[in-house]
Amino acid sequence: MFQHPHYSFNADTLYDELMALCDGSDVFYFQDHVYLGHTYRIFNYRLASYGDFLKPSALECRGQTFRLQSGGWPPVLASLPMEKFFNLGENPFTMDLDLSKVIRVEDKRDGSLISTVRIHDYDDVVHVKSKGSFTSDQAKAAYKMLNYGDEYWEFAKLLRAAIGSGYTVNMEYTAPSNQIVVGYVKPALTVLNIRDNATGAYIDPINFGFPAYHVADYQEREVDKTWLEMIDLETGKEGYILVFEDGLKVKVKNSWYCNLHLQKEQVSQPRRLFEAVLHETSDDLKTLFKEDPQSIQRIVDMEVMVKREYNRLANIVESFYTENHDLSRKDYAILGQQVLAPHGIFSLAMNLFLGQPHGLKDWMIKNYKKFINDEGVTDAE
């Protein structure tokens with residue numbers, strides 16, 4: 001069992017710290033979801049920078065979910081995904097590390113995170129969520145596989161036992177229809193890790209009884225610069241996660257993956273760099289240009305502007321919806337046109353009212369000239 005070296009996990013204070021983190025923030029936020037008659041509060045982040053993650057419990061603001069209770073009872077931690085972790089050398093969290101302290105190397109699969117959710121102390125059904133939703137396409141596909149597919153019947157029994165014992169099982173959903181870069185032949189759920197909801201510690205899935213064919217491949221091996229250079233030449237996979245003896249986890253992606261995920265010319269073309277930041281791939285882009293300080297600065301400048309503007313506009317439209325969604329459609333539309341017209345995002349508020357994602361990233365890409373010109377970043381506010 002391992003704990004993260006950069007903070008001390010405390011289940012008793014986690015909810016309050018996450019609420020304080022989101023208070024007045026454009027970066028960190030929560031959304032309430034009604035599921036099976038209960039309200040669940042999912043904490044998440046939008047576009048964040050290294051400094052944002054230095055705040056208390058910020059690393060734990062990436063899908064952590066609490067069931068809200070009536071009558072003044074404290075919220076119950078229902079799902080505990082992995083904490084936020086970074087690429088090797090990406091920021092001070094992962095710079096100048098002693099590679100001799102690596103104790104485990106795990107395959108990094110290229111899909112979507114799926115985490116179990118504890119609804120009751122024991123349930124005949126396995127309930128799951130993606131990072132931010134109970135009803136995303138990935139969450140619904142995983143739910144169907146676990147509860148209606150014969151292939152996962154024994155696997156689901158192990159998941160129910162883990163959930164009932166107070167653990168969250170984190171899995172990767174991969175499928176031909178969910179391809180990021182690496183292609184997969186058929187839909188699959190692969191166990192990444194198990195977290196103790198009470199302590200935040202990690203437990204080896206094999207020790208819990210999960211068969212190896214349902215667990216992400218891993219090996220206990222020594223890691224050095226030569227090995228990193230060797231795996232950088234690999235193709236057909238994303239990369240690895242290095243687990244240090246103190247619990248720190250670090251991503252290492254190969255050049256083949258990064259080059260497919262991103263094209264190097266994105267740095268020299270402001271619009272493509274703008275889109276890369278919105279799609280949250282600029283961290284991988286910085287990995288490609290780690291020996292080019294001018295390109296790194298160009299990426300950082302774009303990140304600062306795009307994250308600021310995205311978070312600001314997302315907060316405006318989401319706050320408007322939260323405060324006014326009980327109005328009639330007509331009254332909501334009239335007020336939205338009055339309040340949101342200066343920002344040009346009335347249509348995004350209507351998307352939320354109609355039960356759809358607001359679509360801010362697509363809107364910003366379509367209206368990119370509001371934010372950048374041919375030379376790069378504008379002074380958009």
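Lys 361 is partly exposed, with a relative accessible area of 23%. This residue of the predicted model forms a salt bridge with Glu 280. The closest N and O atoms of the two side chains are 3.1 Å apart. Glu 280 is partly exposed too, at a relative accessible area of 40%. Lys 361 belongs to helix α12 (residues 360-366), whereas Glu 280 sits in the loop between α7 (270-278) and α8 (282-288), so the salt bridge ties together parts that are 81 residues apart in sequence.

Other salt bridges centre on Glu 83. Sharing of partners joins Glu 60, Glu 83, Arg 195 and Lys 249 into one network. Glu 83 is buried, and its relative accessible area is 1%. Two of its partners are described here. Lys 249 forms a salt bridge with Glu 83, with 2.8 Å between the closest N and O atoms. Lys 249 lies in strand β14 (residues 249-253) and Glu 83 in the loop between β4 and β5, so this pair ties together parts 166 residues apart in sequence. Lys 249 counts as buried because its relative accessibility is 8%, and the cut-off for buried is under 20%.

Arg 195 also forms a salt bridge with Glu 83, the closest N and O atoms being 3.8 Å apart. Here, too, distant parts of the chain are linked. Arg 195 is in strand β10 (residues 188-196), and Glu 83 is in the loop between β4 (76-79) and β5 (86-87). The two residues are 112 residues apart. Both Arg 195 and Glu 83 are buried. Across the whole structure, a search finds 19 salt bridges.

The overall build was examined next. The protein has 12 helices and 16 strands. Its C-alpha atoms fill a box of roughly 60 × 55 × 40 Å along the principal axes. A compact globule of 381 residues would have a radius of gyration near 21 Å, and the protein agrees with this at 21 Å. Of the 381 residues, 50% count as buried. Among contacts with a separation of 6 or more, 63% are between residues 24 or more positions apart.

The surface and the charges were also computed. The protein exposes about 18600 Å². Carbon and sulfur atoms supply 50% of that area. There are 40 positive and 54 negative charges. The mean positions of these two sets are 4 Å apart.

Helix α11 (residues 346-353) has several buried residues. They include Leu 348, Ala 349, Met 350 and Leu 352. An α-helix has 3.6 residues a turn, so residues three or four places apart point the same way. Cover for the buried residues of α11 comes from elements including α9 (293-324), α10 (329-340) and α12. Helix α12 is also the element that holds Lys 361. After α11 comes Gly 355, which has a positive phi, near 80 degrees.

Leu 54 offers a case of exposure. This residue lies in the loop between β2 (38-45) and β3 (65-68). Leu 54 counts as exposed because its relative accessibility is 51%, and the cut-off for exposed is over 50%. Leu 54 and Phe 93 are 39 residues apart in sequence. In space, their C-alpha atoms are 9.7 Å apart.

Definitions and conventions. Residues numbered from 1 in each chain as written. Predicted model: local features only at pLDDT ≥ 70, side-chain atom pairs only at ≥ 80, totals over all residues. Heavy atoms only, no water. Salt bridge = Lys/Arg side-chain N within 4 Å of Asp/Glu carboxyl O. Helix = DSSP H or I, 4+ residues; strand = E, 2+ residues; numbered from the N terminus. Buried < 20%, exposed > 50% of the residue type's maximum accessible area, 1.4 Å probe, protein only. Rg over C-alpha atoms; globule rule 2.2 N^0.38 Å. Contact = heavy atoms within 4.5 Å. Areas by Shrake-Rupley, 256 points an atom, 1.4 Å probe, with all protein chains shown as cover. Lys, Arg positive; Asp, Glu negative; His and termini not counted. Charge placed at Lys NZ, Arg CZ, Asp CG, Glu CD.
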